[in-house]
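Reader: I have a protein open on my screen and would enjoy talking it through with you. Could you take my questions one at a time?

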Amino acid sequence: MDSVTQPAAAAPADVPALDIDPFSAAFLTDPYPDHERLREAGPVTWLSRYGIYAVARHAEVRAVFADHATFVSSAGVGLANFHKETPFRPKSLILEADPPDHTRARTVLARILSPRVVTGLRETFAAEAEAMVGRMVARAAAGAVVDGIKELAEPYPLKVFPDAVGLEAEGRENLLLYGDMIFNAFGPRNELFARAAAKVQPVTAWIMQHCARDHLRPGGFGDLIYRAADAGEISVAEAPMLVRSFLSAGVDTTVNGLGNALLCLANHPAEYAKLRADPGLARQAFDEATRFEAAVQTFFRTTSRDVELAGARIPAGSKILMLLAAANRDHRQWPDPARFDIGRRATGHMGFGSGIHACVGQVVARLEGEVVLAALARQVATIEPAGEPTRRLNNTIRAIASMPLRLTPA
Ligand code: HEM
């Protein structure tokens, strides 16, 4: 069914209705004015165009995340309702599952990505960050304007993360195409979705081929998933699907998490100066960038029963859009929320979700963010925009295609 032309259900009487399209090019280019309208219209709003509910305040986004029995993921975490429409791809065993199925898959992935395991990656990840930043700084020293996306935010996660999963080096650009496709597919069937769907066959074939055990280096995250199958924790058929979860969720997210952090620092020289003075702030700075310019902007839930949320009566089977990025700038939660401030403790932001589905890869993502920003702080005296960044619009991800920067080597 076409979600765009699908006639919207009648607006509920007890919730403000808005004609905002959170998947239009204008919204995706600059979501912040509409976030403000959505937040201030009420704790729960109705988006007439799609016939869905939306929550944009921190308290309600957190409440939806917290009640996974009422606000389920198994009907899809995008606009499509899997009880009515066929999923775009076979459902994720973790992201698009509820307990007890979710618990089983989550236990395996959480162990593989535990802080202890990820600590073992620190040295390799840090060395690669120093080297890659070093190459970019050398080009800047020779007078070049560098591209923060093409020279750092894209190649860095594309190197370290698939290496950790145990993927071969060739063909990794497919991971970017796959991420773009998956995250567009959470939205409506608009032009962005069509662009993604056009490439689906070859890219999916590549991904599934590389999720097979014989394509994965022994000892990498992918192989560890197969060992969990050997131990009977998950089935052999489930193993490649969980490797797929790493490959879909672990690249485009960090690419844009890093890209957005770089943009924030380039646009806020005083904050960069603080980081430069104390590279120990790198982890906190990455977290603040994830609050301020969230790489993952939205996710959906579906109600499993009639429920009252902040006074709104929401019937069973309703789709609810959670605007994570709007919650991250809710003045009810954060003092001066539209200020990028790396001195702030951004704990509690919704950029990695919250509750039982909170990002299982956030230890890896934070490690990548920390070591890249710390390498910059050590090697780069100042970062300035050298022109407007070019956005890559995506239904879910706040993405940048290229970002010209002028760097002064330290
Ligand atoms: C800056 C980078 C990242 C951001 C902003 C991000 C964001 C998120 C968010 C918001 C969720 C919650 C989804 C929901 O509640 O429906 C999530 C879940 C998830 N993330 Fe991440 N993520 C990032 C990096 C990663 C990495 C590096 C991996 C893999 C190592 C990963 C794997 C996953 C998985 C498997 C889930 C599903 C967890 C579950 O359903 O229990 N993510 N992520």
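Reader: In which sense do E1 and strand E2 pair, parallel or antiparallel?

Author: Happy to help, and please keep in mind that this is a predicted model. Strand E2 covers residues 45-47, and two bridges link E1 with it. Within this pair, Ala17 stands opposite Trp46 in E2. The sense of the pairing is parallel.

Reader: Which strands are the edge strands of the open sheet of six strands?

Author: The order of the strands is E1-E2-E3-E9-E6-E4, and the pairing is mixed. An edge strand here pairs on one side only. That description fits strand E1 (17-18) and strand E4 (71-72).

Reader: Thanks! Turning to helix H15, why do its buried residues line one face?

Author: Helix H15 spans residues 269-277, and its buried residues are Glu271, Tyr272, Leu275 and Arg276. Looking down the axis of H15, these buried residues fall within a limited arc, so they line one face of the helix. The value of that arc is 145°.

Reader: Which residues are exposed on the other side of H15, and what covers the buried ones?

Author: Let me take the cover before the exposed side. The buried residues of H15 are covered by elements including H14, helix H16 (282-292), H18 and strand E10 (380-385). On the other side of H15, the exposed residues are Ala270 and Ala277.

Reader: I would also like to look at the ligand. Which of the 27 residues around the ligand come nearest?

Author: Several helices contribute to this shell: helix H4 (101-112), helix H13 (238-249), helix H14 (252-267) and helix H18 (362-379) each supply at least two residues. By type, the shell divides into 15 nonpolar residues, 11 polar ones and one charged. Those that come nearest to the ligand are Gly250, Gly257, Gly353, Cys359 and Gly361.

Reader: Now for the whole protein: why is it said to be as compact as a globular protein of that length?

Author: The secondary structure comes to 18 helices and 13 strands. For 410 residues the globule rule gives 22 Å, and the radius of gyration is close to that value, so the protein is as compact as a globular protein of that length. The radius of gyration itself is 21 Å.

Reader: One last thing: what percentage of the 410 residues do buried residues make up?

Author: Some context may help here. Among contacts between residues at least 6 apart in sequence, 74% join residues at least 24 apart. The C-alpha atoms fill a box of roughly 60 × 50 × 35 Å along the principal axes. As for buried residues, their share of the 410 residues is 50%.

Key
Residues numbered from 1 in each chain as written. Predicted model: local features only at pLDDT ≥ 70, side-chain atom pairs only at ≥ 80, totals over all residues. Near = placed C-beta within 6 Å. Helix = DSSP H or I, 4+ residues; strand = E, 2+ residues; numbered from the N terminus. Nonpolar A, V, L, I, M, F, W, Y, C, P; charged D, E, K, R; others polar. Pairing = 2+ DSSP bridges. Buried ≥ 20, exposed ≤ 12 C-beta atoms within 10 Å, placed from the backbone. Arc of directions from axis to C-beta. Contact = placed C-beta atoms within 7 Å. Rg over C-alpha atoms; globule rule 2.2 N^0.38 Å.
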